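Got your viewer open? Load the model, switch to cartoon, and follow along from the whole chain down to single bridge partners.

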Amino acid sequence: MNFTRRNLLLLAAAIGIAGGPASAEGTLNVGAYPTNPPFEYKNESGTFEGFEVDIINEAAKRIGMTTDIADLGFQALFAATTSKRIDVAISSITITPERLKSQSFTQPYYDSDMGIAAKADSPIKAEADLKGKIVGVLSGSTGEAWVKAHQEADGFSDVKGYDTQQNLLLDLSSGRVDAAVSDIPGLEYSFTRMRDLAVKERIKTGEQYGLMMTKDHPLLGKLNDALTAMKKDGTLAAIHKKWFGSDAPADSSTVKEMPMPKA
């Protein structure tokens, strides 16, 4: 069979399409929730910064790619990976068995728990004090799942969902909700500025965050290997120190190589 120059160009284009836009262009398309410091947020110039931003930028660099980070709501991240609009989602996304049914995750790189937050001077001190109270959550989060699972037994009067953590905490501060349930790191970071609010009780969940990707994405293994290398050479620990001001625990997923989660 003789190939003309046009045939070769068409074949090259077809290969590029099969590999997906990210592979063809050397750009990893990333989605991020823009108000989730210190994990990710937009600075004054509109550029994304944060713990997970540094992680994905470094991981992409190690596999010979650059990143293009899109501003998406938290719930929209799941639809964006499923539809292949983006390759990777970051935003302190907990790895769960339910999510693994429709998404793929790299090995974890951060360990977390949830917390119950309220006004600092509120009589709410623990889960038992939430009976008859309105509890706010970030829609689509593991905090929402926990609250809905405990609503009947604990007697919450109502559960209010929010599109952004900022709006949730503003309503908590103004008294529109009595308490909020969310991830501890994001709450504690926010409360360095919102000093009228406080974490009242830690909910031990053993949650871990990973890079969420389109199911069985062809770059999943490469990015997972990049995370392993970043753990082994101390890069991930250094990124943790930069954003949290402390060393990651030696037995944490920030330091230790972990298996890739399976559905």
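## The whole chain first

Colour by secondary structure: you are looking at a predicted model, and the protein has 9 helices and 13 strands. Now select the C-alpha atoms and turn the trace along its principal axes, where the span is about 80 × 40 × 35 Å. How does the radius of gyration fit a compact globule? For 263 residues the rule gives a value near 18 Å, and the protein comes in at 20 Å, so the two agree.

Next, put a surface on. The accessible area of the protein is about 12800 Å², and carbon and sulfur atoms hold 52% of that. Colour by burial instead, with under 20% relative accessible area as the cut-off, and 48% of the 263 residues count as buried.

Show the charged side chains while the surface is still up. You should find 29 positive and 34 negative ones, with the centres of the two sets 4 Å apart.

If you like contact maps, draw one now. Take the contacts between residues at least 6 apart in sequence: 73% of them join residues at least 24 apart.

## Stop one: a three-strand sheet

Hide the surface and select strands S2, S3 and S4. These form an open sheet in the order S2-S3-S4, with antiparallel pairing. The edges are S2 (35-36) and S4 (48-49); each has a single partner strand, so one side of each is left without a neighbour in the sheet.

Zoom in on S3, residues 40-42, which pairs with S4 in the antiparallel sense over 2 bridges. To see a bridge up close, pick Tyr41 and look across to Glu49, its bridge partner in S4. Turn on backbone hydrogen bonds here if your viewer draws them, because strands of a sheet pair through these bonds, either parallel or antiparallel.

## Stop two: strand S11

Now select residues 179-183, which make up S11. Is this strand buried or exposed? Mostly covered: 5 of its 5 residues are buried.

Add S8, residues 110-119, to the selection. S8 and S11 pair in the antiparallel sense over 4 bridges. For one of the contacts along that pairing, click Ala117, whose bridge partner in S11 is Ala180.

Then add S9, residues 134-138. Which way does S9 run against S11? Parallel, over 2 bridges. Label Val135 and follow the bridge to its partner in S11, Ala179.

Keep S8, S9 and S11 on screen together for a last look: S11 pairs antiparallel with S8 and parallel with S9.

Terms used
Residues are numbered from 1 along each chain as its sequence is written. This is a predicted model: local features need pLDDT of at least 70, side-chain atom pairs count only at pLDDT 80 or more; totals for chains, interfaces and linings use all residues. Side-chain values use heavy atoms; hydrogens and water are left out. The radius of gyration is taken over C-alpha atoms; the globule rule is 2.2 Å times the number of residues to the power 0.38. Buried means under 20% relative accessible area, exposed over 50%, partly exposed in between (1.4 Å probe, protein chains only). Contact means heavy atoms within 4.5 Å. Accessible areas come from the Shrake-Rupley method with a 1.4 Å probe; for residues, only the protein chains shown count as cover. Lys and Arg count as positive and Asp and Glu as negative; His and the chain ends are not counted. The place of a charge is taken as NZ of Lys, CZ of Arg, CG of Asp or CD of Glu. Two strands pair if DSSP finds at least two bridges between them.
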